[in-house]
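Could you walk me through this model in my viewer, one selection at a time? I would like to know what to click on next and what to look for there.

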Amino acid sequence: LQLGGTTTWNERLTLHANLFHNRVRDLIQTDMDHFTVVNGIAAYTYRNIARARTQGLETGARWQASPALALNAGYTFTDSQDLDTGAELTRRPRNIARLGMDWRVLAATELSLRARYQSSELVATNAARSPGWATLDLVVNQKLGRDVTAFVGVKNLFNRQRDFSNANDFAPVAGRFLYVGARVSLDAAH
């Protein structure tokens, strides 16, 4: 069951929200309690959850603060449960939040920031939890003509990475990542 909607005011502010309630039979999920390590790589099996429930709220907002500045935010709350045991389902964080900004610094230059936060999540039925984490991404786009845009960016600016010595840590695998590139538009309508 889902109930949601979107509304926009003055073409500058858009809000959306979605409530959800799901009952699932025979949910297959990774069995985090029983795994083997082969050559340093964890091999997992799966288990069946006879009856499960997920419910929560997804929200978002986008505000065009000025012709050069747009801000956006999103939040997801998830409550999950194994209906036979009453236990929380694994690998489903309760809270995820996102913030973003797109700022046209100059006529042909745009700076974008994206932040993401994820709360801790149950990893195994023995109550082990993966810690919460946050990342920040940054990209600068520079138009070089009508059809070409160059970009340079940093994903995971503060280098938040999982602790590989902790089997219960499911933070990002990749640390800080720098990238450079270009996009070419092949739109024949120009």
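## A tour by selection

Start by selecting N156, which sits in the loop between β10 (148-155) and β11 (177-184). Keep in mind along the way that this is a predicted model. Look at the backbone here: N156 is not a glycine, yet its phi is positive, at about 60°. Is N156 buried or exposed? Its relative accessibility is 5%, so N156 counts as buried, the cut-off for that class being under 20%.

For a companion case, jump to D26. This residue also has a positive phi, of about 55°, and is not a glycine either. D26 belongs to strand β2. Switch on the surface and you will find D26 exposed, because its relative accessibility is 52% and exposed means over 50%.

**Zoom out to the whole chain**

Now show everything as a cartoon. You should find 11 strands and 0 helices, so colouring by strand number is a handy choice given how strands are numbered from the N terminus. Read along the sequence, the pattern is β-β-β-β-β-β-β-β-β-β-β. Turn the chain along its principal axes, and the C-alpha atoms fill a box of roughly 60 × 45 × 30 Å. How does the radius of gyration sit against that of a compact globule, and what is its value? The chain has 21 Å, whereas a compact globule of 190 residues would have a value near 16 Å. Colour by accessibility next: 27% of the 190 residues count as buried.

**The largest pocket**

Select A42, Y44, R162, F164 and A167 together. Among the 13 residues that line the largest pocket, these lie nearest its centre. Two elements each give two or more residues to this lining: β2 (13-38) and β3 (41-66). Which of the elements gives the largest share? That is β3, with 3 residues. Colour the lining by residue class and you get 8 nonpolar, 2 polar and 3 charged residues. If you draw the pocket as a volume, expect about 190 Å³.

**Aromatic rings**

Next, show F151, F177 and Y179 as sticks; ring pairs link these residues into a cluster. The count of aromatic pairs comes to 2. Take F177 and Y179 first: their ring centres are 6.1 Å apart and their planes lie at 20°, so this pair is stacked. The limit for stacking is planes under 30 degrees apart. With a relative accessible area of 46%, F177 is partly exposed.

Then move to F170 and add R91. Here R91 lies over the face of the F170 ring, 3.8 Å from the ring centre.

**Last stop: W9**

Finish by selecting W9, in strand β1 (residues 2-9). Where does W9 fall between buried and exposed? Its relative accessibility is 44%, so W9 counts as partly exposed. Now add W63 and draw a distance between the two C-alpha atoms. The pair is 54 residues apart along the chain, and the C-alpha atoms of W9 and W63 are separated by 9.7 Å.

Key:
Residues are numbered from 1 along each chain as its sequence is written. This is a predicted model: local features need pLDDT of at least 70, side-chain atom pairs count only at pLDDT 80 or more; totals for chains, interfaces and linings use all residues. Side-chain values use heavy atoms; hydrogens and water are left out. Helices (H or I, at least four residues) and strands (E, at least two) are DSSP runs, numbered from the N terminus. Buried means under 20% relative accessible area, exposed over 50%, partly exposed in between (1.4 Å probe, protein chains only). On a 1 Å grid over the protein atoms alone, a cavity is a set of points where a 1.4 Å probe fits but cannot get out, and a pocket is an open set with protein on both sides within 12 Å along at least five of seven lines; lining residues have an atom within 4 Å of a point. Grid points are joined across faces, edges and corners, and a volume is the space filled by probe spheres set on the points. Ala, Val, Leu, Ile, Met, Phe, Trp, Tyr, Cys and Pro count as nonpolar, Asp, Glu, Lys and Arg as charged, and the others, Gly among them, as polar. Rings of Phe, Tyr and Trp (its six-membered ring) pair if their centres lie within 6.5 Å; planes under 30 degrees apart count as stacked, over 60 as edge-to-face and the rest as tilted. A charge sits over a ring if NZ of Lys or CZ of Arg is within 6 Å of the ring centre and within 35 degrees of the ring normal. The radius of gyration is taken over C-alpha atoms; the globule rule is 2.2 Å times the number of residues to the power 0.38.
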